[in-house]
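Me: Could you take a close look at one part of this model for me, the helix with the salt bridges, and then set it against the rest of the chain? I'd like the cut-offs spelled out as you go.

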Amino acid sequence: MAITVLIPTTLRSFTNHRSELELEGNIRQISIVLRYVPEFENADERDISEEAERLALKFLETIPKIREYVDTDVQAAFDGDPAAFNKDEIIFSYPGLFAVMVNRIAHELYLLNIPLIPRIMTEYAHSVTGIDIHPGAQIGKYFFIDHGTGIVIGETTVIGDNVKIYQGVTLGALSTRGGQKLKSKKRHPTIDDNVTIYSGASILGGETVVGKNVVVGGNAFITKSIPEGARVSIKNQELRYNYDAAHPVQRAELEVDESWFYVI
């Protein structure tokens with residue numbers, strides 16, 4: 001029996017063909033995991049299929065937004081890393097970009113309350129890159145992870161635009177001893193725009209807010225909010241920050257001035 005294969009002949013028809021295939025695949029995968037949602041646990045296949053199609057279509061609507069954000073992440077990596085040869089090198093080889101790109105896709109699925117799939121995606125990225133970003137984390141534009149190994153970003157973390165973090169940074173919870181009682185509560189910090197966090201720093205707690213234009217030095221352990229424009233450092237296990245409200249230091253100055261790092 002002869003089999004007819006339809007070959008798209010134009011870019012538009014090829015795109016439509018690929019979109020239809022992806023949609024069908026998404027519907028199948030979402031149908032499988034919807035059984036984990038209590039209201040669909042005992043639903044019939046027709047209801048499951050209809051809901052899966054609705055969610056798959058809603059996800060497709062987010063693709064332009066995901067593309068826009070990933071484009072800014074590539075630009076942030078190129079602007080922030082003098083070792084970057086070109087943007088193609090970043091796209092094909094940087095683990096930080098891969099982890100963030102996976103997270104941006106998973107986050108949109110998370111917002112649609114699709115179970116399992118978002119976490120499976122981010123844990124795969126975690127296993128490949130050593131970067132652990134929960135799909136619930138909200139991340140703004142121009143986000144750059146440099147090196148990346150050992151980074152942990154918790155579920156309720158909120159990150160603004162133009163944020164740069166280095167390896168070993170933890171944006172975590174102060175305590176998870178409450179277990180499921182803490183579900184849906186703000187447990188992880190908020191990082192405002194134009195913040196740089198150097199390697200090994202830990203910033204913990206749902207009420208902890210790091211203000212705009214802050215630079216956090218390596219190995220700092222922070223559980224309280226940091227005012228806008230501060231330069232945070234640690235020396236002899238004592239956390240200090242130097243801040244002059246009348247003369248705020250610009251981010252560009254901080255990048256070239258190393259005098260802030262250990263405050264005497």
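Reply: Here's the helix, followed by the rest of the chain.

A quick word on the ground rules: this is a predicted model, where local features need pLDDT of at least 70 and side-chain atom pairs count only at pLDDT 80 or more, while totals for chains, interfaces and linings use all residues. Residues are numbered from 1 along each chain as its sequence is written, and side-chain values use heavy atoms, with hydrogens and water left out.

The helix is H2, residues 45-60; helices here are DSSP runs of H or I with at least four residues, strands are E runs of at least two, and both are numbered from the N terminus. A salt bridge means a side-chain nitrogen of Lys or Arg within 4 Å of a carboxyl oxygen of Asp or Glu, and the count comes to 10 by that rule.

Start with Glu-50 and Arg-46, whose closest N and O atoms are 3.6 Å apart in a salt bridge. Both sit in H2, four residues apart, about one turn of the helix. For exposure, buried is under 20% relative accessible area, exposed is over 50%, and partly exposed is in between (1.4 Å probe, protein chains only). Glu-50 has 46% relative accessibility, so it counts as partly exposed, and Arg-46, at 64%, counts as exposed.

Next comes Arg-54 with Glu-51, a salt bridge with the closest N and O atoms 2.9 Å apart. These two also lie in H2, three residues apart, again about one turn of the helix. Arg-54 is partly exposed at 44% relative accessibility, whereas Glu-51 is buried, with a relative accessible area of 17%.

Then there's Lys-58, whose side chain meets that of Glu-61 in a salt bridge (3.8 Å, N to O). Lys-58 is partly exposed at 37% relative accessibility, and Glu-61 is exposed at 56%.

Now the rest of the chain. It has seven helices and 15 strands, and buried residues make up 41% of its 264 residues. Take contact as heavy atoms within 4.5 Å: among contacts between residues at least 6 apart in sequence, 41% join residues at least 24 apart.

Five strands form an open sheet, ordered S1-S4-S7-S10-S13 with parallel pairing. The edges are S1 (132-133) and S13 (221-222), each with a single partner strand, so one side of each has no neighbour in the sheet. Two strands pair if DSSP finds at least two bridges between them; S7 (residues 170-172) and S10 (residues 202-204) run parallel and are joined by three. Gly-172 stands opposite Leu-204 in S10.

For a spot off the end of a sheet strand, try Thr-157, in the loop between S4 (152-153) and S5 (158-159). Thr-157 is buried, with a relative accessible area of 0%. Its side chain reaches the backbone oxygen of Gly-154 at 3.0 Å. Leaving aside neighbours within four places in sequence, Thr-157 is in contact with Ala-137, Gln-138, Leu-171, His-188 and Pro-189.

Ile-120 is another residue to click on: its place is in helix H6 (residues 117-129), and it is exposed, with a relative accessible area of 54%.

Key
Polar contact = N/O pair within 3.5 Å; in protein donor to acceptor, adjacent residues only side chain to side chain.
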